[in-house]
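Got your viewer open? Let's take a walk through this one, a stop at a time, with something to select at each.

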Amino acid sequence: MGELADRLRGKRIAVCVGPGGVGKTTLAAAIGLGRALAGGKVLVCTIDPARRLANALGLETLGNVEAHVPEHRLAEAGLRARGQLFAMMLDAKRTWDDLVARHAPDRARRERIYRNRLYQQLSSALAGSQEYMAMEKLYELATERDYDLIVLDTPPTAHALDFLDAPDRILDLLGNDTARTLLAPAVSAGRVGLRLFQLGGTYVARTMARFTGAEVLQDLADFMASFQGMYDGFKERAAAVRSLLAEPQVGFVLTSSASPRSVDEVLFFHERLLAEGMPIAGVVANRVTPQLWGTGPLPDAADLEAALAAHGAPDGSFAARLARTLSEHEQLARVDAREVARLFEESSGAHVALPRLETDVHDLASLARLAEAL
Amino acid sequence: MPGLALLDHRLLIVTGKGGVGKSTIAAALALLAARRGRRVLVCELNAQERVAPLLGAPLAGFETRQALPNLFTVNVTPRDAMREYGIMTLRFKSIYDAVFENRVVRYFLRAIPSLSELVMLGKVLYEVRVQEHGRPRWDLVILDAPATGHAVQLLRVPGALMDTVPPGPLRRDAEWMHALLVDPGTTSLSIVTLPEEMPVNEAIELDAAVRGLLGIARGALFVNAMPEARFSAEETSRLSDLAAGGAPLGPAALAARLQAIRAEQAGRYLARARAALDLPTVLVPLLAREQWDLGAVEAVAAAIAGSGEAGGERAEVEALSPRLERL
């Protein structure tokens, strides 16, 4: 077990963050599997619509519920788990519906929200909605279940900050002071169909209607009215999620590839997590090209042809291709080494550089080998 | 000529999994079109700008800015797009400022789901159809779209609004935008992938969404960072022995073995993508470069331009082979 696994040993929650395409989901699964093998009840929660974790864990269906990865699957891969491994895929829409059901005072109100067209868009299509629900689900799992470790794989956000900002941004839409002040009279009068012109000044409302159409505003007003009284519950929960993330039982694992762009993004995110006081367990540089040639000038085609001749098989074309391949490889390795050095110099926590493997990691046996390296 | 034929459209949408090189492909396509004398605009959406720096040009921001001759870039942000759209709808800046800078109104506008996607997409599509001096302002607009999931969310907004929003100004805008997106003579969507398992899986899912949910005409599949098949099977089998030896042959053979394994795997994922997707494929070779700069974009552009010829030759060879068999 390596340094990262050490740092995660005392943690109950590991949050894997990083740009898309760096192998975040695979690492999340490896971290989870590693702990389950060592003994522990572990859940790996992914939010990925491409079902990458399902592929990696050999699970055919992953729903919004936790599924046990069967012992025989592990046994087939030559693994014996002293603990248990569970996996699930977050369904943002279902999580929204559950959240509404949890906070709605009665069935009628719940159904009215479900039917609202804006709610339907908000819960399924609004940018940031997935990120918010990932946080929400994490809180539910952390407070209501008895896992020793929950590994959360975060959505491949367009902007790393969405993950931290989405809950506040969406909550702000559900109700801020302005909206509440405006809506209060209608709600207290028990009226459902809110008149547009109560929204604050006829001139403003009429001009807005020209922009959006009056019925869109009506839908929105109805939506706001439905959420009255529930807002505080949502807000409290979001605040609880945020303070949960700053607790010492949480460890963020930042994952990057060796590309400059990915390193930039991860360092930016690292800075933000530090500013928010959130605990960083470590930084993983994934798929790094290993350096194969020590110091000194690279061999050219003639050097290699001579060496091949010593093996009794001189071949000029083969030697030339070998020379070119080594030189390209070393160039990629040099660029990668430079970027990984920058990533590690400017970040805290455990530092793990994983070499690019000969094969993709997509089965339990290779996930277990990856877990070893962590 | 899948690569170059794409340039005959008015709007090219480039998307794919995060980290596969969408911006590089978008920049290379723009370069190819611009060098053929067409006026090109590349749009990024609320992004950390990638295209202008790749071309060695300063960041554009929301103001369209020339990066190279005939080649312009812009970064569309929701706030600026909303403002531009608002002024266009209301016709007077003073009215926009009076109404839309009002904090109650700003709050409600933000609260309308998908409105920011709609106005950003609206800005891009407006650039496609806007005329200047009796001809389109741009010969070609290239949208460097967000990654798969977000791209589908973005591109389905007009269609979704047509289903959910009652008749009115929003609905009318959604309608013309949708019509432009699904017109195969105007718009073409290309997917970028790497020859690796997960990116190919995602490309296949994305393609299904494009055909089903979005209904946008499909252009090509760009397979980026494709390692060349450099060593024969016989040579590859020798590499393991050679790799066990000392320098200089050992490390060279080790690098070659890694290259050969990678090329073999890439070939398999390419075959899988080709079998699952009836799309012309454009192969962009894996480039070993110190910096991703204009030189790299030019190399990618040359590969795209060359892929047409290679594809053409292959098609010809395939057409000839039955005759050869008969002979």
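Start by selecting strand 1 and strand 5 of chain A: they pair in the parallel sense over 4 bridges. Zoom in on A:Cys16 and you'll find its bridge partner in strand 5, A:Asp153. Keep in mind as you click around that this is a predicted model.

Now add strand 2 of chain A, which also pairs with strand 5 in the parallel sense, over 4 bridges. Here A:Leu43 stands opposite A:Ile150 of strand 5.

Stay on strand 5 of chain A for a moment. Is it enclosed or open? All 5 of its 5 residues are buried, so the rest of the structure largely encloses this strand. Colour its two faces separately: A:Leu149, A:Val151 and A:Asp153 lie on one side, A:Ile150 and A:Leu152 on the other, and all of them are buried.

What lies across these strands? Select residues 129-144 of chain A, which is helix 8. This helix lies across strands 1, 2 and 5 of chain A, and runs at about 175° to strand 5.

Time to zoom out to the whole sheet in chain A. The sheet is open, with 8 strands in the order 3-4-2-5-1-6-7-8 and mixed pairing. Which strands stand at the edges? Strand 3 (67-68) and strand 8 (350-355) of chain A do; each has a single partner strand, so one side of each has no neighbour in the sheet. At the strand 3 end, look at strand 4 (residues 84-89) of chain A, which pairs with strand 3 in the antiparallel sense over 2 bridges. A:Ala67 stands opposite A:Ala87 there.

Next, select residues 24-38 of chain A, which is helix 2. With 15 residues at 1.5 Å a residue, this helix should span 21 Å, and its end C-alpha atoms are 21 Å apart, which agrees. Helix 2 is mostly covered, with 14 of its 15 residues buried. Just after this helix, click A:Gly39, which takes a positive phi of about 105°.

Now hop over to chain B, with its 14 helices and 10 strands. Buried residues make up 49% of its 327 residues.

Last stop: select helix 8 (residues 148-155) and helix 11 (residues 197-214) of chain B. They pack at an angle of about 5°, with their axes 11 Å apart. These two helices of chain B are therefore roughly parallel to each other. Show the side chains where they meet: B:Thr148, B:Val152 and B:Leu155 from helix 8 face partners in helix 11 including B:Leu206 and B:Ala209. By class, this contact has 6 nonpolar, 1 polar and 1 charged residues.

Methods: Residues are numbered from 1 along each chain as its sequence is written. Chains are lettered from A and ligands numbered from 1 in the order in which they are written. This is a predicted model: local features need pLDDT of at least 70, side-chain atom pairs count only at pLDDT 80 or more; totals for chains, interfaces and linings use all residues. Two strands pair if DSSP finds at least two bridges between them. Two residues are in contact if their C-beta atoms, placed from the backbone, lie within 7 Å. Axes are lines fitted to C-alpha atoms, for helices over the stretch in contact, and angles run from 0 to 180 degrees between N-to-C directions. The expected span of a helix is 1.5 Å times one less than its number of residues. A residue is buried if 20 or more other C-beta atoms lie within 10 Å of its own, exposed if 12 or fewer, and partly exposed in between; C-beta atoms are placed from the backbone. Angles under 35 degrees count as roughly parallel, over 145 as roughly antiparallel, 65 to 115 as roughly perpendicular and the rest as oblique. Ala, Val, Leu, Ile, Met, Phe, Trp, Tyr, Cys and Pro count as nonpolar, Asp, Glu, Lys and Arg as charged, and the others, Gly among them, as polar.
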